[in-house]
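Let's take a walk through this structure together. Keep the 3D view open beside the text, and turn it as you read.

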Amino acid sequence: MSYDWLNALPKVELHLHLEGSLEPELMFELAQRNNIDLPFQTVDQVRKAYEFSKLQDFLDIYYQGANVLVVEQDFYDLVWAYLEKCHQQNVVHVEPFFDPQTHTDRGISFEVIINGITQALKDGELKWGISSELIMCFLRHDSEEAAFAVLAQAEPFLDQIVGVGLDSSERGHPPEKFSRVFAKARELGLLTVAHAGEEGPAEYIWTAINDLKVSRIDHGVRAIDDAKLMNHLVATKIPLTVCPLSNTKLCVFDDMSEHNILQMLEEGVCVTVNSDDPAYFGGYMTENFVALAQDLAMSKEQAKKLVRNSIEASFADAARKQKILALLD
Ligand code: ADE
Ligand code: ZN
């Protein structure tokens, strides 16, 4: 069966960690450029190491991989490679995350990180018309104090960031740990999103909504355990940025055939399709859509509804949303 139509479909990506788009080939190139030792000899060895049984297995390798990013050009090259993929797959608007603490903790300046990223995003818009909004994530395994410190470093660059998010190890780090720093971010005019209900319980989705006042929930697949929450998501239209291949790679679902994204779609939740960390999980946007077609018999109508949800859930302005909708119809 050909799934070319899924590649051709104009798409919007709302849940993508730029550090998670670091392909092993680029990892080796940057390691060499920056004289950094990798615990692998070949690209094949790296890919073989990508066997995970839970989120933390992945995070340990992901933070190690990010060590090869040192100077502005490295961040530029990382983002550029992601945008090339977007162009090939007809992804026309993106709202990527970056994890500044992963780099500032190694002595890289915030300015180096954000300049490399935003220059590539600007060039991608000029060359391919891919629009973007950038989201800065706090690492939830780290302290509230550390999150406040990185927010202070971001203040001179707020014109380049649309919002803040919350990622890394979910269990044991509930959203409310960051209530005060999210309140400060909102005071600064930033929007908020948070990973919740990936490995953690539905309760974390409630606290992300009520305490962090998020505009979207990242993942959120555990919402299905709580009927009251499902009703709330349908009534309020709070979107979920779901990542199918990530969920099977990290054993959130044992098999794609057990994934609940289409069930939630049919129940009226604003679910969207995203790739999360495509270099680690075996695919970008098209591959995620193809997985749903193959294993869940997703129809064309469902695919288009998923994209329409992404357009509506995005932080693009009304004119841009209209343009993307017109591409779809
Ligand atoms: N950081 C990168 N990918 C992540 C994920 N899937 N969950 C939490 N933190 C992450
Ligand atoms: Zn994520």
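What follows moves from the sheets to a central strand, then to a helix beside it, and ends with some aromatic residues. Please keep in mind that this is a predicted model.

A good place to begin is the sheet made of 7 strands. It is open, its strands come in the order E3-E5-E6-E7-E8-E9-E10, and their pairing is parallel. At the edges you will find strand E3 (97-98) and strand E10 (271-273), each of which pairs on one side only. Two helices that pack on this sheet are worth finding now. H9 touches E5, E6 and E7, and its direction makes about 160° with that of E6. Helix H16 (residues 300-313) touches strand E8 (216-219) and E10, and the angle between its direction and that of E10 is about 105°.

Now look for an open sheet of 3 strands, with the order E1-E2-E4 and parallel pairing. Its edge strands are strand E1 (11-13) and strand E4 (131-132), and each of these pairs on one side only. Strand E2 (residues 91-94) is joined to E4 by 2 bridges, and the two run parallel. To see this pairing at the level of residues, find His93, which stands opposite Ser131 in E4. Helix H15 (residues 285-296) packs on this sheet, where it touches E1 and E2; its direction makes about 110° with that of E1.

Let's return to the sheet of 7 strands and pick out strand E6. How many of the residues of strand E6 (residues 163-167) are buried? The count is 5 of the 5, so the strand is largely enclosed by the rest of the structure. Side by side along the strand, the residues point in two directions: Gly163, Gly165 and Asp167 go one way, while Val164 and Leu166 go the other, and all are buried.

The neighbours of E6 in the sheet are easy to trace. Strand E5 (residues 135-139) runs parallel to E6 and is joined to it by 5 bridges. One contact to look for here is Phe138, whose bridge partner in E6 is Leu166. Between these strands the chain passes through helix H8 (residues 144-154), making a β-α-β crossover from E5 to E6 that is right-handed. Strand E7 (residues 191-196) also runs parallel to E6, with 2 bridges joining them. In this pairing, Val164 has Thr192 of E7 as its bridge partner. To get from E6 to E7 the chain goes through helix H9 (residues 179-187), and this β-α-β crossover is right-handed.

H9 itself deserves a closer look. Which of its residues are buried? Val181, Phe182 and Ala185 are. They cover an arc of only 100° around the axis, which puts them on the same side of H9. The buried residues of H9 pack against E5, H8, E6 and E7. Turn the helix around and you will see the face turned away from its buried side, which carries the exposed residues Arg180 and Glu187. Just after H9 comes Gly189, with a positive phi of about 95°.

Next, let's turn to the aromatic rings. The structure holds 14 aromatic pairs. In one of them, the ring centres of Phe58 and Tyr280 are 5.3 Å apart and the planes are at 75°, so this pair is edge-to-face. Phe58 belongs to helix H4 (residues 55-65) and Tyr280 to helix H14 (residues 278-281), so the pair ties together parts that are 222 residues apart in sequence. Phe58 is buried, with a relative accessible area of 2%, and Tyr280 is buried as well, at 1%. Ring pairs link both of them with Tyr50, Phe52, Tyr62, Tyr63 and Phe281 into a cluster.

Our last stop is Phe315, in the loop between H16 and helix H17 (318-328). Is this loop residue buried or exposed? Phe315 is buried, with a relative accessible area of 15%. Leaving aside neighbours within four places in sequence, its contacts are Glu95, Glu133, Ile135, Val162, Leu191, Val193, Ser215 and Arg216. Among these, Leu191 lies 124 residues away along the chain, yet its C-alpha atom and that of Phe315 are separated by 8.9 Å.

How values were computed. Residues are numbered from 1 along each chain as its sequence is written. Chains are lettered from A and ligands numbered from 1 in the order in which they are written. This is a predicted model: local features need pLDDT of at least 70, side-chain atom pairs count only at pLDDT 80 or more; totals for chains, interfaces and linings use all residues. Side-chain values use heavy atoms; hydrogens and water are left out. Buried means under 20% relative accessible area, exposed over 50%, partly exposed in between (1.4 Å probe, protein chains only). Helices (H or I, at least four residues) and strands (E, at least two) are DSSP runs, numbered from the N terminus. Two strands pair if DSSP finds at least two bridges between them. A crossover is right-handed if, with the strands pointing away from the viewer, the path from the first strand over the helix to the second runs clockwise. Contact means heavy atoms within 4.5 Å. Axes are lines fitted to C-alpha atoms, for helices over the stretch in contact, and angles run from 0 to 180 degrees between N-to-C directions. The arc is that of the directions from the helix axis to the C-beta atoms. Rings of Phe, Tyr and Trp (its six-membered ring) pair if their centres lie within 6.5 Å; planes under 30 degrees apart count as stacked, over 60 as edge-to-face and the rest as tilted.
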